[in-house]
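Biologist: I have a structure open and would like to learn how to read it step by step. Could you walk me through its features?

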Amino acid sequence: MTLDHVVVIGASLAGLRACESMRQEGFEGRITLVGGERELPYDRPPLSKKVLTGEWEPDRIRLRKPDEFASLGLDLRLGVRATSLHPDVQRLTLADGSELSYDGLVIATGASPRRLPGQPVLDGVVELRTMADSLALRDRIADGTARVVVIGAGFIGLEVAASARQKGCSVTVLEGASAPLVRGLGTEMGVAAASVQSRHGVDLRCGVQVVGIEGDGTRVTGVRLGSDEVVPCDVVVVGVGVAPATDWLADSGLSLRDGVVCDATLFTGMPGVYAAGDCARWPNGVFAGHDDAEMRVEHWTNAAEQGAMAGRNLVATARGEEATPYEAVPFFWSDQFESRIQFVGRVHGGDDVQVVAGALDGPFVALYGWEGRLRGVLGVSMPRLVMPFRALVAAKASWDDALNKARELTA
Ligand SMILES: Cc1cc2nc3c(=O)[nH]c(=O)nc-3n(C[C@H](O)[C@H](O)[C@H](O)COP(=O)(O)OP(=O)(O)OC[C@H]3O[C@@H](n4cnc5c(N)ncnc54)[C@H](O)[C@@H]3O)c2cc1C
């Protein structure tokens, strides 16, 4: 395959890493990087943390300095979205009506916040995904007088709750599930990991049903619960998860199933087309044989690593070399108040969970196992003890080997 022009759609973490890895692989042809936002690539994790509290200014979260970025020699198309893809003729259309032909394509369009059914358009009802979202919310909470309701006790919701509380706001978190962080950590560990919230005065209410967001016609005034109680507020942050940003691919013929379906090497099956980051679904060989081996991961490390791998595989296969499967143990972190939550691996549901260091009312480490195998490790404010287990999950270590390792590390 001749590779003269590569188009990367999505100018964020995965897209940037794809561009960098292609250059590192020696690709000297044209790379066009298309991004829906006007910003050069920036880091999203601080948007719910230090940017939101005002400790960091936006300049601090640029992923690359301007000269580093310039050295990649990219043809940049920022502030314009891709609207359709025609893989049969290797061409795509942008929202400004222009068309781009490509030999290689990396889809790195990430994810967009989900909305609540019937979510009203009212001043004060917001989501958090972009720098603009973060700066607008930061203005609303800056003087600490706003009454904030966060809908959804996932990681981003709880980080927003912590940041707003740190600014002095009164904060209520409303969660429909019986515990916070259930999807990420399971019930018992979710409760333990989120206990820092109530220690700092966040009113965390689980098992409540939100039936509506109310306003005076212009501004939000409260959130109505199934019990008919109305929680009064000035700001509602809707943090009910994200969906892969793949709408623009609906008629492309690519296989879409909660993400762009790829093979183990991130190849989509269409000539020259790879996907990476929050929008990509692929079979992760680390979990081969388990019923959840095909996955889509919404974490920083995954987007960075997959972006690099997609770029490398595109260039390598064009040279006639073998593509490398992307096999990795997912890893994420979350900062809430003084607490750092880290998780390596994957929660299955019905896992055996065992605390191997500390205790649930303070810093601790817990192992997650399934069918006699180590699948995940959770650490709350014990960073040194978490990362050594990433290699063990990758090596498909048995539960007994994991317990031995924990004894060794805590001896
Ligand atoms: C507030 C916040 C806090 C986070 N905190 C953490 C954390 O603590 N730890 C952690 O591990 N992860 C965290 N994450 C997740 C992490 O940031 C994401 O996994 C990562 O940004 C995914 O990178 P990506 O490049 O795949 O997608 P994105 O960063 O979502 O970027 C996709 C880009 O593509 C653009 N785009 C979308 N559609 C189109 C189109 N049709 N045409 C052109 N451009 C398009 C979008 O505008 C966007 O700029 C956080 C995310 C957020 C939002």
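Modeller: Gladly! Let us begin with handedness: a crossing of two helices is right-handed if the near helix is turned clockwise from the far one by less than a right angle, and left-handed if anticlockwise. Keep in mind that this is a predicted model.

Biologist: Which handedness does the crossing of α1 and α9 have, left or right?

Modeller: The crossing of α1 and α9 is right-handed. In general, two packed helices are described by the angle between their axes and the distance between the axes. Here the axes of α1 and α9 come within 7 Å, and they cross at roughly 35°.

Biologist: Which residues of α1 and α9 make the contact?

Modeller: On the α1 side you will find Leu13, Ala14, Gly15, Leu16, Arg17, Ala18, Cys19, Ser21 and Met22. From α9 come Trp300, Ala303, Ala304, Gln306, Gly307, Ala308, Ala310, Gly311, Arg312, Leu314 and Val315. Sorted by type, the residues of this contact between α1 and α9 are 13 nonpolar, five polar and two charged.

Biologist: Now the ligand. How many residues surround it, and which are the closest?

Modeller: The ligand is surrounded by 35 residues, the closest being Gly10, Ser12, Gly36, Gly110 and Gly277. Two or more residues of the shell come from each of α1 (13–24), β2 (30–35), α9 (300–318) and β22 (331–336). So the helix pair we just looked at appears again, with α1 and α9 both contributing to the shell.

Biologist: How do the residues of that shell divide by type?

Modeller: There are 18 nonpolar residues, eleven polar ones and six charged ones around the ligand. It also helps to ask which domains take part: domain 1 (5–112 + 243–318) and domain 2 (115–240) each give at least three residues to the shell.

Biologist: Which domains does the assignment give for the protein?

Modeller: It gives domain 1 (5–112 + 243–318), domain 2 (115–240) and domain 3 (338–410). The centres of domain 2 and domain 3, taken over C-alpha atoms, are 29 Å apart. Across their contact, eight residues of domain 2 meet ten residues of domain 3.

Biologist: Which element gives the most to the side of domain 2 that touches domain 3?

Modeller: That is α7, with four residues. Both α6 (182–185) and α7 (187–193) supply at least two residues there. By type, this side of domain 2 holds five nonpolar residues, two polar and one charged.

Biologist: On to the strands. How should I read a sheet?

Modeller: A useful general idea is that in a regular strand the side chains alternate between the two faces of the sheet. Next, look at strand order and direction. One open sheet here has three strands in the order β4-β5-β6, with antiparallel pairing. Its edge strands are β4 (82–86) and β6 (99–101), each pairing on one side only. From one strand to the next, the twist averages 20°.

Biologist: How many bridges join β5 to β6?

Modeller: Three bridges join β5 (residues 91–94) to β6, and Arg91 stands opposite Ser101 in β6.

Biologist: What pairing does the sheet β18-β20-β21 have?

Modeller: In this open sheet of three strands the pairing is mixed. The edges are β18 (260–261) and β21 (294–295). β18 runs parallel to β20 (residues 280–283), joined by two bridges, and Val261 has Arg281 in β20 as its bridge partner.

Biologist: And what do β13 and β14 form?

Modeller: They form a hairpin with four residues between the strands, and Gly217 in the turn has a positive phi of about 100°. β13 (residues 210–215) and β14 (residues 220–225) pair in the antiparallel sense over five bridges. One residue pair to locate is Ile213 with its bridge partner Val223 in β14.

Notes:
Residues numbered from 1 in each chain as written. Predicted model: local features only at pLDDT ≥ 70, side-chain atom pairs only at ≥ 80, totals over all residues. Near = placed C-beta within 6 Å. Nonpolar A, V, L, I, M, F, W, Y, C, P; charged D, E, K, R; others polar. Domains from an automatic or database assignment. Contact = placed C-beta atoms within 7 Å. Axes fitted to C-alpha atoms, helices over the stretch in contact; angles between N-to-C directions. Pairing = 2+ DSSP bridges.
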